[in-house]
Amino acid sequence: MSCERLLVDMYQPCGYLARVHIPAHIRAVQPFLAMELMERAQEMERGGIHVVHLEIGEPDFEPPPAALQACAEALGSGQTNYTDSRGLPELRDAIAADKTRRTGSSVDPARVIVTSGTSPAMLMVFGLLLAPGDEVVIPSPHYACYPNFVRFCGGTPVAVPCDPAAGYAVDVDAVRSALTPRTRAIVVGTPANPTGAIQSRETLEALASLGVPLVCDEIYDGLVYGDARVTSALEITDQAFVLDGFSKRYAMTGFRLGYVIAPEAALRTLQSLQQNLFISASEFVQRAGIAALEQGGATIEAARASLAPRRRLLIDGLRQLGFEIPVEPEGAFYVFVDARAFSGDSLALANELLDRAHVAVTPGIDFGAAGEGWLRFCYAAPEADLREALARLSRWAAAARPSA
Ligand SMILES: Cc1ncc(COP(=O)(O)O)c(C=O)c1O
């Protein structure tokens, strides 16, 4: 008898040793590298090292004052309970009204399910759509967590690369070729993380016409620059699952508030999933959400105005350092750069920049194989931090490439 077996037999009755079996599809969930880098940077900071943080998608501006006030008042007046699992009726009305105004397409509040962040909405949508072995087509580079949600639900992510030279427009023919009888969804973000690309109406129409549910992540809607305009999947079909939330344009990441606007046929199941998995979003947080939607327009406008020059500063500065940026981001708050002049291994490079330059960035491999050799820089950071990061990177680049 092996030593291990003996120990199990001895202690099992006392409950001391229980073998944890993690199924293969859960072990396949990869670490979220942006978080890994942030956590390592924070460890360094605890050791007294100053790090410039450009790795995480955390806006540096404040939430709408009305949202803070509504949240505090709700807490003060005892609004600390469960709500209707689908969200407070007033919030669902406000979300539907906001999306109707933004898209020009009438959204029925009955199609809105409020969640504790966009991430739980994503989990429920993939949970609803996938059985083990089903496939989800994901144009790539993509938000790091999409494939992991799919894996968690027993599905298989199928990446379809997007060409930077085409502005990261989703290649509809390539998506069509990737479809199989097991395909249950196509996921697209617009504006996208990490590329900042916005998909055209024609592309979204073509994707919606492929006969597979479209899951459209619109969390960066509103954070666009120049003349760019976002087309919502809601303008094209009432059969898409539209994901959105308050984290980015209202800088309410820690509130954990999001939603999905779903096809009618999915609503009852989503309600049941929400009742079981999460019960409801926090009541006082939902009150903050209503106030943000009703009075937070100025926050979005101010964010856009202040992000635009920082976007320019970072793009120009990184280009001067030798990073390639074949297409400038139209939305969100990231610059996705080709760093292959420095290294083909984006994780090793991100770790080196953290260790040697004390600048935290996200390795491109986090966003799929199409992102290998690239890095993502977030410019929703104070301008002084961006300048300091560029100065540190310049010193690092001079040392890394003495001949440059
Ligand atoms: C594209 C995208 N979708 C969803 C999320 C998750 O958002 P939330 O904070 O609402 O869960 C993020 C966060 O970075 C994101 O970039």
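This is a short talk on the ligand site, the pocket around it and some backbone features of a single structure.

Good morning. The structure before you is a predicted model, and the values I shall quote are computed from it.

I begin with the ligand. Which residues lie closest to the ligand? Its surroundings comprise 13 residues, and the closest are Ser-119, Asp-217, Tyr-220, Ser-247 and Lys-248. By class, this shell consists of 5 nonpolar, 5 polar and 3 charged residues. The element that gives the most to the shell is helix α6, residues 118–129, with 3 residues.

Let me turn to particular contacts. On the backbone side, a polar backbone atom of Thr-118 lies 2.8 Å from an oxygen atom of the ligand. Two side chains should also be mentioned. In Tyr-220, a side-chain N or O atom is 2.7 Å from a ligand oxygen. For Lys-248, an N or O atom of the side chain is likewise 2.7 Å from an oxygen atom of the ligand. How much of the ligand's area does the protein bury? The ligand taken alone exposes 400 Å², and the protein buries 92% of that.

I now move to the pocket. The ligand sits in the largest pocket, which holds about 580 Å³ of space. Its lining is made up of 38 residues, and those nearest the centre are Tyr-143, Asn-193, Tyr-220, Lys-248 and Tyr-334. Tyr-220 and Lys-248 are thus named here as well as among the residues closest to the ligand. The lining divides into 21 nonpolar, 12 polar and 5 charged residues. At least two lining residues come from each of α3 (33–46), α6, β3 (135–140) and β5 (183–189).

Two of these strands lead us to the backbone. As general background, most peptide bonds are trans, and most residues other than glycine have a negative phi. Where do the cis peptide bonds in question occur? One joins Ser-140 and Pro-141, with omega about 5 degrees; Pro-141 belongs to the loop between β3 and α7 (146–152). Another joins Thr-190 and Pro-191, with omega about -10 degrees, and Pro-191 is in the loop between β5 and α9 (201–208).

My last residue is Arg-256. Its phi is near 60 degrees, a positive value in a residue other than glycine. Arg-256 is located in the loop that connects β7 (241–245) and β8 (258–261).

To close, I return to the ligand: it occupies the largest pocket, and 92% of the area it exposes when taken alone is buried by the protein. Thank you.

Technical notes:
Residues are numbered from 1 along each chain as its sequence is written. This is a predicted model: local features need pLDDT of at least 70, side-chain atom pairs count only at pLDDT 80 or more; totals for chains, interfaces and linings use all residues. Side-chain values use heavy atoms; hydrogens and water are left out. A residue is near a molecule or strand if one of its heavy atoms lies within 4 Å of it. A polar contact is a pair of N or O atoms within 3.5 Å; within protein, one must be able to donate a hydrogen and the other to accept it, and residues adjacent in sequence count only if both atoms are side-chain atoms. Accessible areas come from the Shrake-Rupley method with a 1.4 Å probe; for residues, only the protein chains shown count as cover. On a 1 Å grid over the protein atoms alone, a cavity is a set of points where a 1.4 Å probe fits but cannot get out, and a pocket is an open set with protein on both sides within 12 Å along at least five of seven lines; lining residues have an atom within 4 Å of a point. A molecule sits in a cavity or pocket if more than half of its atoms lie within 2 Å of its grid points. Helices (H or I, at least four residues) and strands (E, at least two) are DSSP runs, numbered from the N terminus. Ala, Val, Leu, Ile, Met, Phe, Trp, Tyr, Cys and Pro count as nonpolar, Asp, Glu, Lys and Arg as charged, and the others, Gly among them, as polar. Grid points are joined across faces, edges and corners, and a volume is the space filled by probe spheres set on the points.
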